[in-house]
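These are my notebook entries on one structure, kept in the order in which I looked things up. I began with a single loop residue and worked towards the ligand and the cores.

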Amino acid sequence: MAGIAFPTPDPRILARKSAIVAQLRALVADPEAVIDDPVELAPYETDAFTAYRRPPLAVVLPSSTAEVARVLAFLAREGVKVVPRGAGTSLSGGAIPLEDSVVVGVARMNRVLAIDPANRTARVQAGITNLAITEAVAEHGFFYAPDPSSQLACTLAGNIAMNSGGAHCLKYGVTTNNLLGVTLVLVDGTVVELGGEAFDPPGYDLVGLVCGSEGQLGIVTEAVVRILPRPEGARPVLLAFASSEAAGACVADIIGAGIVPVAIEFMDNPAIRICEAFSGAGYPTEAAALLIVEVEGSDAEIDAELARIVAIARRHGVTTIRESRSATETAQIWKGRKSAFGATGRVADYICMDGTIPTSRLPEVLRRIDEIVKGYGLRVANVFHAGDGNLHPLVLYDVNDPEQAAKAEAAGADILKLCVEVGGCLTGEHGVGIEKRDLMHHQFTRAELLQQAAVRRVFDPDEILNPGKVFPLDLRCAA
Ligand SMILES: Cc1cc2nc3c(=O)[nH]c(=O)nc-3n(C[C@H](O)[C@H](O)[C@H](O)COP(=O)(O)OP(=O)(O)OC[C@H]3O[C@@H](n4cnc5c(N)ncnc54)[C@H](O)[C@@H]3O)c2cc1C
């Protein structure tokens with residue numbers, strides 16, 4: 001792919017690489033925390049949006065907030081750009097470095113600092129993986145609700161920067177709804193505590209501002225998250241339909257009936273086939289669309305909710321109903337869905353789009369996505385969080401064919417414009433990064449974008465932190 005422009009590297013910074021690296025080594029306790037060898041830099045050249053890559057000047061992996069502060073103060077003083085990084089699983093190119101930038105990764109800062117079951121909070125270092133939070137609080141009967149499919153690898157830092165969601169966010173909200181406080185290192189090395197253990201602190205909601213700011217307001221080193229008591233039980237039902245329209249209308253009616261499942265996941269026929277071939281989850285491969293709807297509570301509550309959901313599905317001509325009766329059956333139903341991205345990667349290269357739409361527009365949008373992608377001579381598999389209208393069309397193409405790659409990018413852009421046109425937005429959970437940066441004009445007016453850019457410059461007047469992301473490049477020049 002070649003459609004996305006990067007800012008031109010500053011030759012003066014490139015020329016000073018050795019001196020910058022030497023200074024960085026002096027600022028951290030472990031000299032091996034600074035990486036400048038080209039081979040060792042390779043894993044940091046890109047993230048999970050693998051279409052683009054740039055080798056950074058160097059990588060630093062600090063072990064404490066104090067080290068992050070020293071490193072940031074030094075780099076800002078020297079005018080060196082900084083790209084914060086967690087695990088590098090961003091699907092929008094949020095963590096892709098620039099050649100004249102230093103990557104500051106928080107992966108070594110991965111400890112649980114305190115668990116407070118009585119007040120339902122946990123304080124953790126930001127480099128902890130998402131899943132490790134739930135594992136740490138499980139012995140107290142709690143869990144951390146946001147559950148991106150990448151939760152085994154992705155860090156809380158990345159989740160905060162992207163305001164990440166997951167299959168179970170329909171009921172519990174996304175990261176911003178489960179985040180109470182952050183320790184933020186500002187670009188000049190100042191450390192500030194925003195929010196904290198208490199609910200709804202006075203003053204501006206700066207925690208809300210930092211959540212979703214894509215590494216442009218500071219580096220998050222610690223966080224206080226809300227933890228929730230594990231529900232008594234949870235069970236999914238798998239529902240298959242003869243048309244995407246019927247499945248889409250069923251989703252709209254479940255939501256419209258005031259039922260709040262923990263998850264409603266949707267797969268179209270290409271996705272069903274791909275996932276079934278990979279996982280053997282027992283999905284009906286002839287179905288046009290499949291829903292996995294999960295509810296939780298006591299056995300009696302689950303039975304009652306599932307009965308209402310199945311009754312709605314029957315009104316929409318459901319062709320298969322598979323209700324889980326055991327943990328094994330639950331795992332089997334989820335197996336295919338959870339492996340969707342990996343399974344798709346086995347049959348083709350793909351770009352994973354991430355837009356939202358009002359759920360009532362699902363059937364129409366699915367039809368138009370199909371038309372858009374077919375218009376470019378490509379194929380699409382749809383798998384997404386249908387309950388909150390968060391679409392993930394996977395546009396399939398051959399990465400070694402530049403013409404197909406350009407078409408995939410164009411089809412993806414058309415899909416996201418469609419999401420905005422029907423009243424949705426450009427990103428549900430993956431963030432803007434570089435992928436959607438140039439589409440921001442379709443979502444916001446120039447005045448609205450300039451207002452957001454002005455907020456960024458309050459924190460980072462010289463645009464040192466994660467430049468070239470989120471805001472269209474021409475806006476930056478003009479501003
Ligand atoms: C297979 C797969 C499935 C996925 N499924 C989901 C899903 O279900 N839901 C979802 O929301 N996302 C999903 N993602 C996308 C991705 O996992 C999330 O965006 C995740 O939050 C990124 O975390 P990370 O630690 O990898 O961050 P990175 O990719 O390293 O960085 C992401 C962004 O965070 C910034 N950042 C990183 N650390 C800091 C810090 N300490 N301070 C400030 N900014 C920082 C970076 O600069 C960048 O802009 C998926 C990705 C993959 C590969």
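**Entry 1. A loop after a helix.** I started at E286, which is found in the loop between α10 and β14. The model is a predicted one, and I read every value below with that in mind. Is E286 buried or exposed? I found a relative accessible area of 61% for E286, and it is therefore classed as exposed, the cut-off being over 50%. Leaving aside neighbours within four places in sequence, I listed the contacts of E286 and obtained N269 and R273. I also took the C-alpha to C-alpha distance from E286 to L473: the two are 46 Å apart in space and 187 residues apart in sequence.

**Entry 2. Helix α10.** N269 led me to the helix itself, which spans residues 269–279. I noted its buried residues as N269, A271, I272, I274, C275, E276 and S279. What covers these buried residues of α10? I found that the cover includes the strands β13 (263–268), β14 (289–296) and β18 (379–385), together with the helices α12 (327–338) and α13 (340–347). Just after α10, I recorded a positive phi of about 60° at G280.

**Entry 3. Positive phi outside glycine.** Most residues other than glycine have a negative phi. I therefore looked up residues that depart from this general pattern. R120 is not a glycine, yet I read a positive phi of about 60° there. I placed R120 in the loop between β5 (112–116) and β6 (121–125). Its relative accessible area is 41%, so I entered R120 as partly exposed. V470 is likewise not a glycine and has a positive phi of about 70°. I located V470 in the loop between α17 (446–459) and α18 (473–478). With 9% relative accessibility, V470 counts as buried, because the limit is under 20%.

**Entry 4. H168.** I next turned to H168, in the loop between α6 and α7 (169–172). H168 has a relative accessibility of 15% and so counts as buried. Which residues is H168 in contact with, leaving aside neighbours within four places in sequence? I listed D147, V262, A263, E294 and W334. With E294 I found a polar contact between the side chains, at 3.0 Å. From H168 to G88 I read 22 Å, C-alpha to C-alpha, for a separation of 80 residues in sequence.

**Entry 5. The ligand.** I counted 33 residues around the ligand, of which P84, T89, S150, T155 and S164 come nearest. By type, I sorted the shell into 14 nonpolar, 16 polar and 3 charged residues. Which element gives the most to this shell? I found it to be α6, with 5 residues. Elements that each supply at least two residues of the shell are β3 (81–85), α6 (156–162) and β10 (219–226).

I then looked up polar atom pairs. An oxygen atom of the ligand lies 2.6 Å from an N or O atom in the side chain of S150. At S90 the partner is a polar backbone atom, 2.8 Å from an oxygen atom of the ligand. A nitrogen atom of the ligand is 3.0 Å from an N or O atom in the side chain of E429. For the ligand taken alone I noted an exposed area of 980 Å², of which the protein buries 94%.

**Entry 6. The nonpolar cores.** I closed with the cores. The largest nonpolar core has 57 residues, and I noted L239, F241, L291 and I309 as those with the most contacts inside it. Helix α15 (residues 402–421) contributes the largest share of this core, 9 residues. Apart from it I recorded another core, of 53 residues, among them A33, V60, L75 and C211.

I followed L239 into strand β12 (residues 234–241). L239 has a relative accessible area of 0% and is thus buried. Not counting residues up to four places away in sequence, I found that L239 touches A289, L290, L291, V293, I309, A313, V318, T320 and I321. R322 is 83 residues from L239 in sequence, yet I read 6.6 Å between their C-alpha atoms. For I309, with the residues up to four places away left out, I listed V237, L239, I254, I259, P261, V293 and V295.

Methods: Residues numbered from 1 in each chain as written. Heavy atoms only, no water. Core = buried A, V, L, I, M, F, W, Y, C linked by side-chain atoms within 4.5 Å. Buried < 20%, exposed > 50% of the residue type's maximum accessible area, 1.4 Å probe, protein only. Helix = DSSP H or I, 4+ residues; strand = E, 2+ residues; numbered from the N terminus. Contact = heavy atoms within 4.5 Å. Near = heavy atom within 4 Å. Polar contact = N/O pair within 3.5 Å; in protein donor to acceptor, adjacent residues only side chain to side chain. Areas by Shrake-Rupley, 256 points an atom, 1.4 Å probe, with all protein chains shown as cover. Nonpolar A, V, L, I, M, F, W, Y, C, P; charged D, E, K, R; others polar.
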